[in-house]
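Got your viewer open? Here is a short tour, stop by stop, with something to select at each one.

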Amino acid sequence: MPVQESSTDGTTETPFVKDCDRLSAELEFEESLAPFYVSILLKSKLGSNSKTSTIRSHRKTNFIVPVGFRSGRPSPLGISLLSDGFINFAFFSRNANSVVLCLYADTTVEKPALEIDLDPYVNRSGDIWHASIDCSSLPFVSYGYRCRSSSTDGKGHRVLLDPYAKVIEDFGPRKCLGRLCNESAFDWSGESRPNLPMEKLIVYRLNVARFTNDKSSKLPRDIAGSFSGISDKLHYFKNLGVNAVLLEPIFPFDEQKGPYFPWHFFSPGSLYGPSGDPNKVANSLKEMVKKLHANRMEVLLEVVFTHTSEISALREIDNSSYHHVEGGEELKSRNSLNCNYPIVQQMILECLRYWVTEFHIDGFCFINSSSLTRGFHGEFLSRPPLVEAIAFDPLLSKVKIVADSWDPHEMEMKEIVFPHWKRWAEMNAKFCSEMRNFFRGKGSISSLATRLCGSGDLFLGGRSPAFSFNFVTRNVGPTLVDLVSYSSIESSWNCGEEGPTNKILVLETRLKQIRNFIFVLFVSLGVPVLNMGDECGQSTRGSLEYSDRISFDWSALKSGFGTQVTEFISFLSSLRIRRNDLLQKRSFLKEDNIEWHGAEGGPPMWDDPSCKFLAMTLKADPPLSDLFVAFNGGDCSEKVALPPLAAVDANWVCLVDTSLPFPGFFTEEGVPLEDGLETYEMKSHSCVLFEARSFI
């Protein structure tokens with residue numbers, strides 16, 4: 001029968017109809033009212049008198065019957081669009097006493113169009129809250145959740161973003177909603193992943209927005225600072241010779257703190273694509289990946305899974321599950337994620353798989369990787385479950401996985417022994433610090449030799465030089481120009497005068513040092529990682545703050561500095577590929593393949609801390625030719641005695657001398673030694689490279 005309210009409190013009494021041995025009642029509702037709950041209180045007459053008794057549930061409440069929606073299922077987490085028009089919602093919260101599903105028909109209004117209190121006896125399995133709603137004829141476009149628990153003092157007013165939402169709408173720091181839709185379709189046909197061997201990589205690290213948002217990029221406003229801007233600059237990467245880009249974090253982030261403080265993990269930030277449509281942002285990223293893949297370039301992402309920003313919803317959803325609540329105030333105050341807690345580990349693994357399958361990402365660089373090894377109580381684990389799970393995951397183990405121990409809170413690298421299971425590569429902090437020390441006259445030649453040969457002290461135990469990602473600057477700390485201009489910065493040297501100067505001798509020394517740092521990146525075993533802006537001389541005037549980094553100045557590439565540095569990088573990239581037999585080895589060099597030299601042909605002075613000269617001959621297997629490389633980190637010139645060549649028709653030709661003026665300090669053709677000469681004078685603070693060549 002149609003339901004008609006028979007009292008002022010919105011209730012109606014409906015008698016049961018006896019049908020054989022059963023009692024039944026039929027209720028009719030307007031379809032437009034669904035979904036909703038019906039609260040039923042059963043009454044029964046006692047005998048022949050007029051007294052009645054009430055029958056309630058085992059919880060001593062009315063019976064609650066959902067209309068227009070089902071109990072749903074607990075997996076997968078997030079939303080699932082089903083074939084019958086229903087949408088399944090699944091949401092984890094162990095500590096919530098109640099969860100309210102909030103549905104919006106108009107996202108411009110503050111209040112949701114419908115709120116559904118999920119029944120913990122019907123809509124909860126374990127710690128997963130779930131429901132399934134027929135949205136095929138309903139106007140809802142977005143959703144979120146309210147959570148109430150004992151720790152929230154019963155408040156739970158803020159509508160929270162589903163951590164598994166794939167398409168999100170960002171309305172400001174305190175309101176973000178998930179869209180009730182699948183990701184838009186994308187045509188990947190014809191795309192082929194490069195799958196480059198790790199030892200073949202030449203990596204360029206960049207910030208998506210800052211790379212092209214300066215007007216000097218000459219890109220339209222709707223493209224500048226976006227994923228599409230990177231696609232438009234593909235020719236620049238090809239000219240440099242790089243074959244992989246490493247993007248700073250592209251997750252949605254706290255704009256007050258920067259991209260290393262994310263508040264969501266399953267979608268790219270709206271900052272990097274066409275405004276107003278999250279699906280267009282995602283598709284612009286996919287277009288970028290597809291275009292780079294078509295040109296044999298890989299796309300790697302920096303990811304942050306060790307902490308969240310203050311505005312992340314995870315704290316209000318289930319703080320004690322997602323975050324560290326033990327282990328000291330430092331962890332608590334940093335919103336540190338409890339990475340090795342099962343539900344957090346599951347979220348991270350599913351997120352990484354999603355980026356690989358949906359966006360075809362080729363690898364990940366895990367920022368603050370030392371925190372990935374922390375246990376439930378903040379202790380460091382020798383076998384952290386998450387790190388091991390990534391190493392052996394059937395999908396993730398096939399992409400590049402790189403540990404980076406840089407801590408965004410303390411703004412420094414932490415040297416740790418990272419558990420690798422022979423799968424994990426690492427950003428080599430020792431390479432950075434020891435190369436800086438050597439070229440400012442503080443490091444030892446033994447440390448230099450170790451880094452040149454692939455850092456065997458770090459990577460011999462089941463890995464190879466290809467697992468060492470080498471860098472001398474990064475997107476925080478000093479730029480390359482500042483590294484040679486300010487002694488106030490740790491591990492740096494100003495070459496004679498602090499800050500900007502007009503002194504010719506100081507400027508010449510700085511230019512040599514810049515060339516030296518770039519050169520050593522390309523002749524060392526491992527993966528060279530270049531940093532955006534270093535090639536055009538960008539400076540923060542000694543500031544180490546990430547916020548002081550500026551946008552890439554494309555006009556600076558046309559300056560004398562920009563021209564010679566970019567051409568030098570292009571030359572070294574080509575050299576590294578041409579001589580991949582020695583410079584891109586998958587395995588460590590054997591003793592027969594390398595010979596060390598000191599000044600004037602003598603043995604290296606390994607035990608002399610004041611010695612700043614080292615040379616090496618890299619011996620190639622016939623018919624390829626040998627290479628001779630020398631490094632002078634001292635203040636004085638050194639005479640280099642080149643080793644004799646076995647072939648009578650062969651001679652050493654100089655390909656690089658970082659002390660010479662541009663354009664003569666590098667050359668493809670090579671400059672032969674003068675007849676009869678077996679020595680070469682190296683200027684102070686310089687590097688040289690010779691190649692054996694036959695002239696018949």
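**The whole chain**

Start zoomed out: the protein chain has 15 helices and 34 strands (DSSP runs numbered from the N terminus, H or I of at least four residues for helices and E of at least two for strands). This is a predicted model, where local features need pLDDT of at least 70 and side-chain atom pairs count only at pLDDT 80 or more, while totals for chains, interfaces and linings use all residues. Residues are numbered from 1 along each chain as its sequence is written, and side-chain values use heavy atoms, with hydrogens and water left out.

Show the C-alpha trace, which spans about 130 × 50 × 50 Å along its principal axes. Of the 696 residues, 55% count as buried (under 20% relative accessible area, with exposed being over 50% and partly exposed in between, using a 1.4 Å probe on protein chains only). Among contacts with a separation of 6 or more, 69% are between residues 24 or more positions apart (contact means heavy atoms within 4.5 Å).

**Stop 1: a five-stranded sheet**

Select 98-104, which is strand β10. β10 belongs to an open sheet of 5 strands, ordered β11-β10-β14-β16-β15 with antiparallel pairing (two strands pair if DSSP finds at least two bridges between them). Now add the edge strands, β11 (114-117) and β15 (168-170), each of which pairs on one side only. Neighbouring strands here are turned by 30° against each other on average, ignoring direction (axes are lines fitted to C-alpha atoms, for helices over the stretch in contact, and angles run from 0 to 180 degrees between N-to-C directions).

Zoom in on β10 and β11: 4 bridges join this antiparallel pair. Show Leu103, and you'll find Leu114 of β11 opposite.

**Stop 2: two helices crossing**

Next, select 429-439 for α9 and 504-523 for α13; the two helices pack at about 140°, with their axes 11 Å apart. That angle makes α9 oblique to α13 (under 35 degrees is roughly parallel, over 145 roughly antiparallel, 65 to 115 roughly perpendicular, and the rest oblique). To see the contact, turn on side chains for Phe431, Met435, Arg436 and Phe439 of α9, then Gln513, Asn516, Phe517, Val520 and Leu521 of α13.

Is Gln513 buried or exposed? At 2% relative accessibility, Gln513 counts as buried. Leaving aside residues up to four places away in sequence, Gln513 touches Phe439, Arg440, Val484, Trp493, Cys495 and His685.

**Stop 3: a six-stranded sheet**

Keep α13 on screen and add β29, β31 (650-657) and β34 (686-694): the helix lies across these strands, running at about 45° to β34. They are part of an open antiparallel sheet of 6 strands, in the order β27-β28-β29-β34-β31-β32. At its edges are β27 (594-597) and β32 (666-672), each pairing on one side only. The twist averages 25° from one strand to the next.

Pick out β28 (613-618) and β29 (627-632), an antiparallel pair joined by 6 bridges. Phe613 has Asn632 in β29 as its bridge partner.

**Last stop: the cysteines**

How many disulfides does a search of the whole structure find? The search finds 0 (a disulfide is a pair of cysteine sulfur atoms within 2.5 Å). Select Cys654: its closest cysteine sulfur is in Cys687, 11 Å away and too far for a bond. Cys654 counts as buried at 8% relative accessibility, and Cys687 counts as buried at 0%.
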